[in-house]
Amino acid sequence: MKKCPRCGRVKNKFHKNRTNKDGLNSWCSDCINDYHKKRYNGNIKEGKLNRYAKIRSKWNEFFQNHYGDPICGICGIPLKWTSDNKQDVVHWDHKHGLNGVRSPSTFCGNRPCTPENIELWLSYDFGILCRWCNRILPTEGRQNWLHKLTKYCMGTPGIHTV
Ligand SMILES: [Zn+2]
Ligand SMILES: [Zn+2]
C-alpha cells in the first residue's frame, strides 16, 4: 500500500516500474489510465478542431472569391468571413427556410470545399447578414411577417408619419 500523489488515495494498485526505488510507479494505475485517456481524448479533440479550421479556411477563401468583401444584405455594414467577435462576423441567413440545413457554418465546417459541396452550398442561396439583422428576421413565413410589420409601422395614425 502507498499513497498516490495525484489522487491522494492510499492504494495497492500500482503498475510496476523498475526505475523507482520501490519498483512501482509513483502514480496509481487508475491515475495512469485516467492520464492516458485524457491525453488521448485531448488529441482527438485537437485533431477535430484542426480539421475544422482547415476546412473553414478553404471555404473562407471560396467565399472571398465568390462574394467579395462581405456586407450585411440589409443594413450594409461591413462584415468579416472569420472573426472571434460575433458582432462583425457573417451570419448566414436561411433565405428560403431551413431546407434541411440547420447551421450553414456547421455545413461548411464539416464538408470539405469540393466542387460538389460548393454547388450544394450555392443551391441553398444563403444570405449574408449582420448579427442584428439576422436576429430580427424570422426563418419561415417572411412574407406574412413583412405584411404584419408594414401594417404595424403604418397603422398607428398620427404618431409615426414620416
Ligand atoms: Zn492515483
Ligand atoms: Zn445588418
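**Helix α1 and its surroundings**

Right after helix α1 comes glycine 68, which adopts a positive phi of about 75°. This is a predicted model, so treat what follows as computed from it. The briefing starts with the helix, then turns to the nonpolar core and ends with a loop leucine.

**Helix α1**
- α1 runs over residues 29-67, 39 residues in total.
- From its first C-alpha to its last, α1 reaches 56 Å, close to the 57 Å expected at 1.5 Å a residue.
- There's not much covering this helix: three of its 39 residues count as buried.
- Those three are Cys31, Trp59 and Phe63.
- What do the buried residues of α1 pack against? Their partner is α2, residues 104-110.

**The nonpolar core**
- The largest nonpolar core has five residues: Cys72, Leu79, Val90, Leu129 and Cys130.
- Nonpolar side chains do tend to end up buried together in soluble globular proteins.
- Take valine 90, one of the core residues: once neighbours within four places in sequence are set aside, its contacts are Pro70, Leu79, Lys80, Trp81 and Ile128.
- Among those contacts is Leu79, itself a member of the core.

**A leucine in a loop**
- Leucine 98 sits in the loop that links β3 (91-93) and α2.
- Is leucine 98 buried or exposed? It's exposed, because just 11 other C-beta atoms lie within 10 Å, and the cut-off for exposed is 12 or fewer.
- Leucine 98 and glutamine 143 are 45 residues apart along the chain, and their C-alpha atoms are separated by 16 Å.

Methods: Residues are numbered from 1 along each chain as its sequence is written. Chains are lettered from A and ligands numbered from 1 in the order in which they are written. This is a predicted model: local features need pLDDT of at least 70, side-chain atom pairs count only at pLDDT 80 or more; totals for chains, interfaces and linings use all residues. Helices (H or I, at least four residues) and strands (E, at least two) are DSSP runs, numbered from the N terminus. The expected span of a helix is 1.5 Å times one less than its number of residues. A residue is buried if 20 or more other C-beta atoms lie within 10 Å of its own, exposed if 12 or fewer, and partly exposed in between; C-beta atoms are placed from the backbone. Two residues are in contact if their C-beta atoms, placed from the backbone, lie within 7 Å. A nonpolar core is a set of buried Ala, Val, Leu, Ile, Met, Phe, Trp, Tyr and Cys residues joined through C-beta atoms within 7 Å.
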